[in-house]
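Visitor: Before we begin, may I see the chain and its fold together? I should then like to ask why certain terms are applied.

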Amino acid sequence: MGYRKFKADFIFDGSTLQSSNNILITDEEGVIKTIVDEQDAGSDIEVFNGILSPGFINCHCHLELSCMKNVAEEGTGLVDFLITVISKRGKAQEEIQEAIDAADKEMYENGIVAVGDICNTTDSLPAKLHSKIEYHNFIEVLGFTEERASIVLQKYLDVYQDFCKAGFVNNTSIAPHAPYTISGKLFALINEFSNGRIISIHNQESLAEDELYQTKTGAFLKLYHHLNINTDFFQPYHKSSIRSYLPLLDKPKTILLIHNTFTTPVDIDFVASQSQVSKQEFFWCLCPNANVYIENKLPPVDLFMQKGCSLVLGTDSYSSNHNLNILNEIKTLQTHFPSISTEILLGWATLNGAKALGKQKNLGSFEKGKKPGVVLIDAVEDTKITAVSQMVRLL
């Protein structure tokens, strides 16, 4: 079997930027062999301008919503956005499948090698059976009324079983949608089912979420009225949503907290405390372009870094983003938080993401025996990704 040898201005190995004197060597299938000094690499070296990186990990996407590009207006706020998605989600099955196939292809071409994908149905299953991308499927549960909790969970367990029967048994989880769509009883049922598993939950994407949990006021009452949901049973916790619901999810081994646009220092400290007590691992997933699209606000990224949080990146869906491209998420973060190094940003997009989805044995870094994909980021200035930087998939 032959080898491929890659040289660029920098090699990002999953944790550090290495100098241009180093050569990345893979076999023809893309399995990492080693990184060596150029003088030891021999001939037939392929030379590129830019940064070589492992393939990207998209920790949060909704493939099922791929047919909703440009349907929801920008900047309406989360509640009006949700009402639009709910009311306009119904599409012909053929249109849904074509959009999912196109989105999967786009993500692959954009250097994405693994995706944490939210599923309410089996619509994405046909595409995933033939995809070049590795998926972890989060079967997303929604049900805010107490009396129907068991019935609601069974509906989504049926979807879960369909994914397992199709061969995704080790890459499928049951996951709560968000604090404002899960009743206390349903949280308890999901917690039991998720013992030792990976789950995700949309967290503090809007100020209205904390208003609901603190005082049972705010914009989500409008959503419940729109959906004819009786909220008489719900009593406010008089504290933020994450400090209210997280103790109800103490059995999953890993929890991906998605969006976190309005998370506070007290909330972060609370999560760290639960992690120590319950021995759980938490990853904070940033989807900056979706946050700007919906709420015109970015999460407190500097705060997460100061607190030592494990950060990962996601694109969300075409209902809240103009493309499914992790490099564009990095560009947005770099624009608004210029002090964050390229090395750190790429770490979130690669090895951290692989760890969050439980795929670090094969993805996320240039380590011997792994097959993480190889992408080139061009048009860099020194080590900085620029507005015109593009991604080229090499393997």
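Guide: The following exchange sets some computed values against the definitions of the terms.

Guide: This is a predicted model, in which local features need pLDDT of at least 70 and side-chain atom pairs count only at pLDDT 80 or more, while totals for chains, interfaces and linings use all residues. Residues are numbered from 1 along each chain as its sequence is written, and side-chain values use heavy atoms, with hydrogens and water left out.

Visitor: Why is the meeting of the side chains of Glu46 and Arg4 called a salt bridge?

Guide: A salt bridge requires a side-chain nitrogen of Lys or Arg within 4 Å of a carboxyl oxygen of Asp or Glu. For Glu46 and Arg4 the N to O distance is 2.8 Å, so the pair satisfies that definition. Ten salt bridges are found in a search of the whole structure.

Visitor: What makes Glu46 and Arg4 a tie between parts of the chain?

Guide: Glu46 belongs to strand β6 (residues 45-47) and Arg4 to strand β1 (residues 3-7), so their pairing ties together parts that are 42 residues apart in sequence. Strands (E, at least two residues) and helices (H or I, at least four) are DSSP runs numbered from the N terminus.

Visitor: How do you know whether Glu134 and Lys359, which also meet in a salt bridge, are buried or exposed?

Guide: Buried means under 20% relative accessible area, exposed over 50%, and partly exposed in between, with a 1.4 Å probe and protein chains only. Lys359, at 8%, is therefore buried, whereas Glu134, at 32%, is partly exposed. Their N to O distance is 3.5 Å. Glu134 lies in strand β10 (residues 134-141) and Lys359 in the loop between α13 (342-356) and β16 (374-377), so this pair ties together parts 225 residues apart in sequence.

Visitor: Why are β3 and β17 said to stand at the edges of their sheet?

Guide: The sheet is open, has five strands with mixed pairing, and follows the order β3-β2-β7-β16-β17. β3 (17-18) and β17 (391-393) each have a single partner strand, so one side of each is left without a neighbour in the sheet.

Visitor: What makes β7 and β16 a pair?

Guide: Two strands pair if DSSP finds at least two bridges between them. Strand β7 (residues 51-54) is joined to β16 by four bridges, and the two run antiparallel; the definition is therefore met. Within this pairing, Pro54 stands opposite Val374 in β16.

Visitor: Why is Thr350 called buried?

Guide: Thr350 has a relative accessible area of 0%, and is therefore buried. Thr350 lies in helix α13. Leaving aside neighbours within four places in sequence, its contacts (heavy atoms within 4.5 Å) include Phe12, Ser53, Pro54 and Gly364.

Visitor: What makes a space in the protein a pocket, and which residues are closest to the centre of the largest pocket?

Guide: On a 1 Å grid over the protein atoms alone, a pocket is an open set of points where a 1.4 Å probe fits, with protein on both sides within 12 Å along at least five of seven lines; lining residues have an atom within 4 Å of a point. The largest pocket has a volume of about 870 Å³, a volume being the space filled by probe spheres set on the points, which are joined across faces, edges and corners. Of its 38 lining residues, Ile86, Arg89, Asn120, Glu140 and Leu142 are the closest to the centre. Helix α1 gives the most to this lining, with five residues.
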